[in-house]
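Let's take a walk through this structure together, starting at a metal site and ending at a pocket. Have the 3D view ready to rotate as you read.

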Amino acid sequence: MDGFEIRTSNSKKGKGLFATKKYDVGDVILEEDPLVSCQFAWNAAYRYLACDYCMRPLETPEQNVRRLSCKPDIVLPHASCFDINLENVTTCDQCGILYCSEDCKQRAYEAFHRTLCYDTSDAQHPVMVLLETWKQMHYPPETTSVMLLVRILAFIEQSSNPSAAAATVKQFCHRTVNEDAELVHKLLGEQFTEQLNTLRELTANVINGDHVEQFLTPEGFCSLMALVGTNGQGIGTSPLALWVNSVLEITMSDDERQQLDLFIDKLYQYVEEESGTFLNTEGSGLFCLQSACNHSCDPNAESSFPYGNHRIQLKAIKQIMPGDEICISYLDECSLQRSRHSRQKELAQNYLFVCWCERCLSQASQPDCTSEEDMSDEEIDADD
Ligand SMILES: [Zn+2]
Ligand SMILES: [Zn+2]
Ligand SMILES: [Zn+2]
């Protein structure tokens with residue numbers, strides 16, 4: 001793909017993604033599949049059925065909305081409009097795990113599943129023990145998963161060229177502290193030393209070997225955890241959202257459109273009553289190009305998952321000129337609206353940097369704590 005390059009920026013941020021041509025609003029900048037991805041542990045436990053390789057939900061939009069709203073009679077109009085193909089769903093012959101297609105089954109086996117195929121009904125299996133321990137340490141909302149880390153190790157160990165695979169993994173930023181700014185990743189604070197040791201020992205029970213040894217020492221494990229924490233890109237897929245997007249494309253009379261809009265509002269209301277905001281199949285993945293994209297509180301690009309699986313798409317949301325840095329927001333819509341202090345705090349804890357984007361610079365005179373919402377945020381933190 002062309003139109004962008006990864007290079008060192010003049011500022012302190014290190015590497016970044018820069019445009020080499022002009023992009024208009026809505027233009028696709030890039031698309032890529034992750035090196036590895038993984039559904040979050042609690043999300044899977046709550047039966048958000050998904051392909052174990054590409055995270056494609058294994059439900060039709062109608063099944064999805066029926067389950068989330070607990071209303072088994074809901075019928076979606078224009079069902080053909082998003083025809084999720086579940087005919088090709090297949091399973092691993094040995095462990096029974098689900099894939100959306102033969103292709104995903106094969107790719108998973110080649111990438112990591114040969115090493116990670118196990119009997120999921122055996123609670124004593126090292127993978128099950130690790131997963132259970134992780135779940136007890138990390139309640140939802142989940143931001144990462146120890147299984148992503150395990151898949152990375154399996155990917156290295158299974159590779160036909162393990163040293164090259166390990167080098168690819170190490171290209172991702174994996175610092176555990178930012179000395180300049182005196183920041184430590186929130187997963188790696190001193191209070192977690194014991195937890196990390198437990199996770200490291202349990203991980204070593206799952207996978208070991210010459211090529212992954214370097215990641216199973218206390219330092220190696222911390223840097224891998226930091227790698228997963230700082231580079232892991234959230235992935236969310238929803239059959240219902242895909243259906244909503246595709247019915248928006250249909251041509252219909254204003255009257256029909258109005259009716260449909262009301263119907264969709266009602267669907268989301270039902271779903272919210274039963275399932276809150278816990279709607280999507282969620283997980284995270286490691287993307288080679290996407291992870292080079294730096295944060296800005298006033299981003300000019302946005303990523304999404306338009307295919308309903310783990311394939312990411314980066315689109316321009318502002319005009320971008322050749323030479324401009326392409327930036328996304330690492331914060332969600334809601335956090336992005338908050339004060340400079342709140343934004344910087346969240347970025348520091350999760351991504352180990354102090355944001356000095358244009359917007360932050362222009363707000364430098366804002367006090368270090370502001371709105372009421374931010375106050376309640378502080379209180380929640382204090383209770384931790
Ligand atoms: Zn799949
Ligand atoms: Zn299997
Ligand atoms: Zn900023």
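Are Cys51 and Cys100 buried or exposed? Both residues are buried. Keep in mind as you look that this is a predicted model.

These two cysteines bring us straight to the metal. The zinc ion (ligand 1) is coordinated by the SG atoms of Cys51, Cys54, Cys100 and Cys104, at 2.3 to 2.4 Å. What is the arrangement of the 4 donor atoms around the zinc ion (ligand 1)? It is tetrahedral, because the angles they subtend are 105 to 115 degrees. For reference, the ideal angle for four tetrahedral donors is 109.5 degrees.

Now trace the donor residues along the sequence, where their spacing reads C-x2-C-x45-C-x3-C. Cys51 and Cys100 are 49 residues apart, and this pair links distant parts of the chain. Cys51 sits in the loop between α1 (41-45) and α2 (61-69), while Cys100 belongs to the loop between β6 (98-99) and α3 (102-116).

From the metal site, let's turn to the second largest pocket. Its volume is about 720 Å³, and 28 residues line it. To find its centre, look for Ala44, Asp52, Ile97, Tyr118 and Leu131, the lining residues that lie nearest to that point. The elements giving two or more residues to this lining are β4 (36-39), α1, α3, α4 (126-137) and α5 (146-158). Of these, α4 contributes the most, with 5 residues.

And what is the lining of the second largest pocket made of? Its residues divide into 18 nonpolar, 5 polar and 5 charged.

Note on methods:
Residues are numbered from 1 along each chain as its sequence is written. Chains are lettered from A and ligands numbered from 1 in the order in which they are written. This is a predicted model: local features need pLDDT of at least 70, side-chain atom pairs count only at pLDDT 80 or more; totals for chains, interfaces and linings use all residues. Side-chain values use heavy atoms; hydrogens and water are left out. Donors are N, O and S atoms within 2.8 Å of the metal (3.2 Å for Na, K and Ca); water is not among the atoms, so sites may look incomplete. Four donors count as tetrahedral if all angles lie between 85 and 135 degrees; four count as square planar and six as octahedral if opposite donors are over 155 degrees apart and all others between 65 and 115; anything else is irregular. Helices (H or I, at least four residues) and strands (E, at least two) are DSSP runs, numbered from the N terminus. Buried means under 20% relative accessible area, exposed over 50%, partly exposed in between (1.4 Å probe, protein chains only). On a 1 Å grid over the protein atoms alone, a cavity is a set of points where a 1.4 Å probe fits but cannot get out, and a pocket is an open set with protein on both sides within 12 Å along at least five of seven lines; lining residues have an atom within 4 Å of a point. Grid points are joined across faces, edges and corners, and a volume is the space filled by probe spheres set on the points. Ala, Val, Leu, Ile, Met, Phe, Trp, Tyr, Cys and Pro count as nonpolar, Asp, Glu, Lys and Arg as charged, and the others, Gly among them, as polar.
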